[in-house]
Amino acid sequence: MKIAVLPGDGIGPEIVAEAVKVLNALELNFEMETAPVGGAAYEADGHPLPESTLKLAMESDAVLFGAVGDWKYDTLDRPLRPEQAILGLRKHMGLFANFRPAICYKELVDASSLKPELISGLDILIIRELTGDIYFGQPRGRRVATDGHFPGAEEAFDTMRYSKPEIERIAHVAFQAAQKRSKRVTSVDKANVLETFQFWKDVVTEVGKQYPDVALDHMYVDNAAMQLVKEPKRFDVVVTGNMFGDILSDEASMLTGSIGMLPSASLNSKGQGLYEPSHGSAPDIAGKGIANPLATILSAAMMLRFSLNQEAAAQKIEAAVQKVLADGLRTADIYSAGTTKVTTREMGDAVVAALAAV
Ligand code: IPM
Ligand code: MN
């Protein structure tokens, strides 16, 4: 089994180093190969996703990804910006199914900005379609308007589109995930305004007929955004498009206390996956040794589960993470009075030590 390790920018290298440490401690003899990606790759090779990095990712069983991006690249042409690396990997590897769990660990109930009773026991799985929608729809660009409110003015445009098979396959993923959980799916759309999402709703409803054991409901995205903070535990599996999923998963992450806790998996139909923390590169705290490595460590657990067929090892990592939280260890983002503040590296070391104890 081969793992491509792509640390990227900002805190990426620090947090990925801790996840690699945890993987090595399992002694499963994976082959791991590191390659540059994002701004780091642009600096080294002039491109955020060099051919050699893409090739390594494509021929690996799984990719462990840190984060990309830094404000200093904001003025580069879009194709050269760090974000293009992750978008390119998603596109070229066909990683259409993005799993973003939002779990509130009981030790962190007080770290959330919401009342404890609203979030204690929270366990939501957001399934975001990742290779379609307005993110990838063509055409897009800039031009001079020939109609609209200001003909003759400069304008920019993107295209929101979904094909039936694209919606069908993500709907199947969601229903099958729900069958292993509480058998409820909420499909989030904007069918009251957008044709793309009326179609989404129709197709998801159709696919749902093949899963009579799963209860399906539909919610407009604006209402879903509100319900997530009003009554988050009403959700179990949430399935939605690329852009709504981007926004709602950030929102859901804050219910859990810190975005520094949330892993993610992006899967294709061949069983390959890219695993990354749900958070970004946080250039403001890069190099300070204070970033929370747990989201990346938990992403490594998802990688063991979904792409490397190592369920026992995945559970071991998850139990070790719970143990360090129960032991009161906290990085700065989840620190509260009465707990012990640790660095990125100390947190990684603690998880490794806990592996032996679980
Ligand atoms: C995410 C990120 C990316 C996205 C960016 C970095 C392109 O926000 O993974 O959620 O918008 O998908
Ligand atoms: Mn995002």
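**Around Asp246 and beyond**

Asp246 is partly exposed, since 17 other C-beta atoms lie within 10 Å of its own, a count that falls between the 20 or more required of a buried residue and the 12 or fewer of an exposed one. The model in which this holds is a predicted one, and Asp246 has its place there in helix α9.

Asp246 also belongs to the shell of ligand 1, where it is joined by Gly69, Glu83, Ile86 and Leu87. Helix α4, which runs over residues 83–93, supplies the largest share of this shell, namely 3 residues. Sorted by class, the surroundings of ligand 1 comprise 2 nonpolar, 1 polar and 2 charged residues.

A second reason to look at Asp246 comes from the UniProt record, an unreviewed entry, which lists Asp222, Asp246 and Asp250 under "binding site". These positions span 29 residues in sequence, yet no two of their C-alpha atoms are more than 14.4 Å apart, and they therefore gather at one spot. Asp250, like Asp246, lies in helix α9, and with 16 other C-beta atoms within 10 Å it is partly exposed.

Helix α8, residues 221–230, offers a view of how a helix is set against its surroundings. Val221, Ala224 and Leu228 are its buried residues; seen down the axis of α8, they fall within an arc of 45°, so they line one face of the helix. The face turned away from that buried side carries Asn223 and Lys230, both of which are exposed. Among the elements that cover the buried residues of α8 are the strands β8 (184–189) and β9 (215–220), together with helix α9 (242–255).

The backbone deserves a separate look. Most residues other than glycine have a negative phi, and most peptide bonds are trans. Against that background, the loop between α1 (12–25) and β2 (31–34) holds Glu27, whose phi is positive at about 50° although it is not a glycine. Glu27 is exposed, having 8 other C-beta atoms within 10 Å. Asn29 is placed in the loop between α1 and β2 as well, and its phi, near 60°, is likewise positive in a residue other than glycine; with 7 C-beta neighbours inside 10 Å, Asn29 counts as exposed.

The peptide bond between Gln138 and Pro139 is cis, with omega at about 0°. Pro139 itself is found in the loop that lies between β5 (123–129) and β6 (141–144).

Technical notes
Residues numbered from 1 in each chain as written. Chains lettered and ligands numbered in written order. Predicted model: local features only at pLDDT ≥ 70, side-chain atom pairs only at ≥ 80, totals over all residues. Near = placed C-beta within 6 Å. Helix = DSSP H or I, 4+ residues; strand = E, 2+ residues; numbered from the N terminus. Nonpolar A, V, L, I, M, F, W, Y, C, P; charged D, E, K, R; others polar. Arc of directions from axis to C-beta. Contact = placed C-beta atoms within 7 Å. UniProt positions renumbered as here; feature names shortened; annotations may be inferred.
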